[in-house]
Amino acid sequence: MADRAVSVVRTPPERVDAECEVVVVGAGACGLTAALRAKAAGAEVLVLERDASPTGSTSLSSGFVPAAATRFQKAAGIDDDSPDLLKRDIERKTHRRAVPHLVDLACDRIGPALEWLAEAHGLEWIVLTDFLYPGHSRHRMHAVPEKTGSGLLARLLAAGEGIGLPIASNAHCDRLYLDEGDSVTAVGIARPDGGEEIVACKALVLACNGYGGNPDLVRRYIPEMADGLYHGHPGNRGDALLWGEALGAKLEHLGAYQGHGSLAHPQSILITWAVMMEGGIQVNRSGARFSNEHGGYSEQAVAVLDQADGLAWNLYDRRIHDFALDFPDYREALAAGAVRRADSLASLAEVTGLPEEGLAETLSLTRACHRGTARDPYGRGFSGKPPLEAPYYAVKVTGALFHTQGGLVIDERARMVGRDGRAFRNLFAGGGAACGVSGPEVSGYLSGNGLLTAIAFGFVAGESAAAQAKGSRAAS
């Protein structure tokens, strides 16, 4: 669908083609969670999806959701986690620069949201206990059995189908109609064939993600990624941000984003960061390491892009390769020829084109760090995992922008807030459309923050939008 500029219209619509109590813009994890929750609360709901079929950022993600003190953790023997501990981990990663009430909202509501999705809609959640993601002090990553974002989206869509949730595809919401009191009265929809429709509503949930697919906005707010690869959904054009600017919304942390320093090149397949956490390293074309690979995969995108040609190599061994085979994306990368095997150091130099002398020096230093006879110049700890041994494996990677983390500030009911601190009565937001919990820039992103706020804020937005719509129904 060709891009159309979004707009705010402050005059009544010339006609109304349909009416629905709650309209949700976007059929990703946030929008579907919001729609399921709103419908369960008794509201009439319609989801608008700009694509021919829902895909978006959720399907491109790992599908891993951090949540604390869930029954799924307890079933896995993890009984010492809490929302407060998750909050402290987020605060530590962001150096306390995240918006405090959003951290509280996300961490307090994500557990109940996952449990409700399981109880009400049969979503199965497993807790990943094989390794600890960077920055998390407990095993708290939840995933559906497929362990993919596409699997998560498929299960949410199946839940919607099971209750007859209407999803209008090829429906790009490009206009918001507001009355004199800044309440949304209707939305305008553009169709691929040039057709237009207007749907009246009593509450609107913006779940249309961020602005990673808008090069102009990326250049304005994230200049270090302006020339980097965008590995997100092209439909993330910043519609919610542009509407917010037009409406005088409070916007925060627009320079925040999730990057990733391990996207196979040129295949553009994500290589799980578990490879690094299990003992892998990254080297540049000189065969030298250039950073602490355990600092976080988001900020590692910038470190990789700073290398010659914006490329690096993931190096690891058979033990780690066998471990990574449990991840669907890794198996896809292997099938695509991105993973190269070498039975010796000389062979490793040959298959990567890296200098053998540089590789030998790097591996020698890392082995010394493992033995405790040397300190890593980048501050990484090497204890707890064995040193790399032949046969070796290697993947050429680049850094990429996955999705933005800044946006509309919402209140505890997920209502959009104005610059004057006033909450908009019936306009709600979540996920990538809202300001997240990653602070103002890339290094604050804690693994899973994207789906954390997508599902937690969507859960809150759905129940709040339904309450608003039912209140309007009673008043009329």
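Let us start with charge: the chain carries 46 positive and 57 negative charges, and the mean positions of these two sets lie 3 Å apart. Please keep in mind throughout that this is a predicted model.

From charge we can move to overall form. The chain has 476 residues and a radius of gyration of 23 Å, which agrees with the value near 23 Å that a compact globule would have. Along the principal axes, the C-alpha atoms fill a box of roughly 75 × 45 × 40 Å. Within that box, the secondary structure comes to 15 helices and 20 strands. Of the 476 residues, 59% are buried. The area that the chain exposes is about 17,600 Å², and carbon and sulfur atoms supply 48% of it. If we take the contacts with a separation of 6 or more, 73% of them join residues 24 or more positions apart.

With that picture in mind, let us visit some individual places, beginning with helix H5. This helix spans residues 100-121 and holds Leu117. Leu117 has a relative accessible area of 0%, so this residue is buried. What is Leu117 in contact with, leaving aside its neighbours within four places in sequence? The list is Thr33, Leu36, Gly122, Leu123, Trp125, Leu156 and Ile455. Arg37 is 80 residues from Leu117 along the chain, and the C-alpha atoms of the two are separated by 8.9 Å.

Trp125 leads us onward, since Trp125 is also among the residues that Ala143 touches. Ala143 lies in strand S6, and its relative accessibility of 0% is why Ala143 counts as buried. Beyond the residues up to four places away in sequence, Ala143 touches Gly63, Phe64, Glu124, Trp125 and Ile126. For a view of sequence against space, take Asp80: Ala143 and Asp80 are 63 residues apart in sequence, and their C-alpha atoms are 20 Å apart.

Just after strand S6 there is a backbone detail to look at. Lys147 lies in the loop between strand S6 (141-143) and helix H6 (149-162). Lys147 is not a glycine, although its phi is positive, at about 55°. Is Lys147 buried or exposed? With a relative accessible area of 18%, Lys147 is buried, as the cut-off for buried is under 20%. Asp182 also has a positive phi, here about 65°, without being a glycine. The loop that holds Asp182 runs between strand S8 (172-178) and strand S9 (184-190). Asp182 is buried as well, with a relative accessible area of 12%.

The backbone has cis peptide bonds to show too. One of them runs from His265 to Pro266, with omega near 5°. Pro266 is found in the loop between strand S13 (257-264) and helix H9 (274-277). Another cis peptide bond, from Ala390 to Pro391, has omega near 5°. Pro391 sits in the loop between H14 and strand S17 (392-404).

Helix H14 deserves a stop of its own. Residues 356-371 form this helix, and His370 is found in it. A polar atom of the His370 side chain lies 2.9 Å from the backbone oxygen of Phe382. Which residues does His370 touch, not counting those up to four places away in sequence? They are Phe382, Lys385, Pro386 and Pro387.

Strands S13 and S17, met above beside the two prolines, come up again around helix H10. The buried residues of H10 pack against S13, strand S14 (281-283), strand S15 (311-317) and S17. Helix H10 itself covers residues 297-305, and its buried residues are Tyr297, Ser298, Gln300, Ala301, Ala303 and Val304.

Tyr297 brings us to the last stop, because Ser447 touches Tyr297. Ser447 is placed in the loop between strand S20 (423-429) and helix H15 (449-475). Its relative accessibility is 3%, so Ser447 counts as buried. Besides Tyr297, Ser447 touches Pro66, Tyr133, Pro134, His136 and Met141, with residues up to four places away in sequence left out.

How values were computed: Residues numbered from 1 in each chain as written. Predicted model: local features only at pLDDT ≥ 70, side-chain atom pairs only at ≥ 80, totals over all residues. Heavy atoms only, no water. Helix = DSSP H or I, 4+ residues; strand = E, 2+ residues; numbered from the N terminus. Rg over C-alpha atoms; globule rule 2.2 N^0.38 Å. Buried < 20%, exposed > 50% of the residue type's maximum accessible area, 1.4 Å probe, protein only. Contact = heavy atoms within 4.5 Å. Areas by Shrake-Rupley, 256 points an atom, 1.4 Å probe, with all protein chains shown as cover. Lys, Arg positive; Asp, Glu negative; His and termini not counted. Charge placed at Lys NZ, Arg CZ, Asp CG, Glu CD. Polar contact = N/O pair within 3.5 Å; in protein donor to acceptor, adjacent residues only side chain to side chain.
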